[in-house]
Each structure stands twice: as structure tokens, then as C-alpha cells.
Amino acid sequence: MEGNQKIHCTVESCKYNETNKNLCKLQAIQVEPTKNCHTKQPEESMCSSYIYEKE
């Protein structure tokens, strides 16, 4: 499955987002837990590979 995976992303401010395709340019991302968040919802995790596009 490794060669066929895609990372879909709608975070337009991220340096790695191909906004016209909603795809991440990276081959892999690092996902980390959000500190002190225990909601059992998606906000408990975050993409730590994010870089603001202006940098």
C-alpha cells in the first residue's frame, strides 16, 4: 500500500499543500498528540510536519 497512499490536506497555509488538488507534497507526515486534549475527537492530533508557506 505504501506506493499508492496519498495524503489529503485542506490546510491552505501549509508550505506542502498543493491547494488546487488538496494534496500534501510530502511522502510522509508526522502526526503527534495535542497536549492536554482528551476529547476523543480529531483535534486530539495534529500534523507536526506543518510549515507555514511564507517561511
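Reader: Let's start with one residue: is I51 buried, partly exposed or exposed?

Author: Good place to begin! A residue counts as buried under 20% relative accessible area and as exposed over 50%, with partly exposed in between. I51 has a relative accessible area of 26%, so I51 is partly exposed. Please keep in mind that this is a predicted model.

Reader: Where does I51 sit, and which residues is I51 in contact with?

Author: I51 belongs to the segment after β4. Setting aside neighbours within four places in sequence, I51 is in contact with S13, C14, K15 and Y16. You can also look at distance along the chain and distance in space together. I51 and C37 are 14 residues apart along the chain, and their C-alpha atoms are separated by 22 Å.

Reader: You mentioned β4. How many helices and strands does the chain have?

Author: The chain has zero helices and four strands. Followed along the sequence, they give the pattern β-β-β-β. The C-alpha atoms fill a box of roughly 35 × 30 × 15 Å along the principal axes.

Reader: What share of the chain is buried?

Author: Of the 55 residues, 15% count as buried. For the outside, look at the accessible surface, which comes to about 5000 Å², with 47% of that belonging to carbon and sulfur atoms.

Reader: Could you show me a buried residue? Why does S49 count as buried?

Author: S49 counts as buried because its relative accessibility is 18%, and the cut-off is under 20%. Like I51, S49 lies in the segment after β4, and that strand covers residues 45-47. Not counting residues up to four places away in sequence, S49 touches Y16, L26, A28, I29 and Q30. With Q30 there is also a polar contact: the side chain of S49 reaches the backbone nitrogen of Q30 at 2.8 Å.

Reader: What about a residue inside a strand? Where is N17, and what does its side chain reach?

Author: N17 lies in strand β1, residues 17-18. Its relative accessible area is 8%, so N17 is buried. The side chain of N17 reaches the backbone oxygen of C9 at 3.1 Å. A polar atom of that side chain also lies 3.1 Å from the backbone oxygen of V11. Both C9 and V11 appear among the contacts of N17, together with T10, E12, N22, L23 and K25, once neighbours within four places in sequence are left aside.

Reader: I see cysteines in the sequence. How many disulfides does the structure hold?

Author: Here is the general idea: a disulfide is a covalent bond between the sulfur atoms of two cysteines. This structure holds zero disulfides. C9 is in no disulfide, and the nearest cysteine sulfur, that of C14, is 5.7 Å away. To count, the two sulfur atoms would need to be within 2.5 Å. C9 is buried, because its relative accessibility is 16%.

Reader: And why does C37 not form a bond with the closest cysteine?

Author: The closest cysteine sulfur, in C47, is 16 Å from the sulfur of C37, and that is too far for a bond. C37 has a relative accessible area of 13%, so C37 is buried.

Reader: One last feature: how many positive and negative side chains are there?

Author: The chain has 7 positive and 8 negative side chains. You can also ask where each set is centred: here the two centres lie 3 Å apart.

Definitions and conventions: Residues numbered from 1 in each chain as written. Predicted model: local features only at pLDDT ≥ 70, side-chain atom pairs only at ≥ 80, totals over all residues. Heavy atoms only, no water. Helix = DSSP H or I, 4+ residues; strand = E, 2+ residues; numbered from the N terminus. Buried < 20%, exposed > 50% of the residue type's maximum accessible area, 1.4 Å probe, protein only. Areas by Shrake-Rupley, 256 points an atom, 1.4 Å probe, with all protein chains shown as cover. Lys, Arg positive; Asp, Glu negative; His and termini not counted. Charge placed at Lys NZ, Arg CZ, Asp CG, Glu CD. Polar contact = N/O pair within 3.5 Å; in protein donor to acceptor, adjacent residues only side chain to side chain. Contact = heavy atoms within 4.5 Å.
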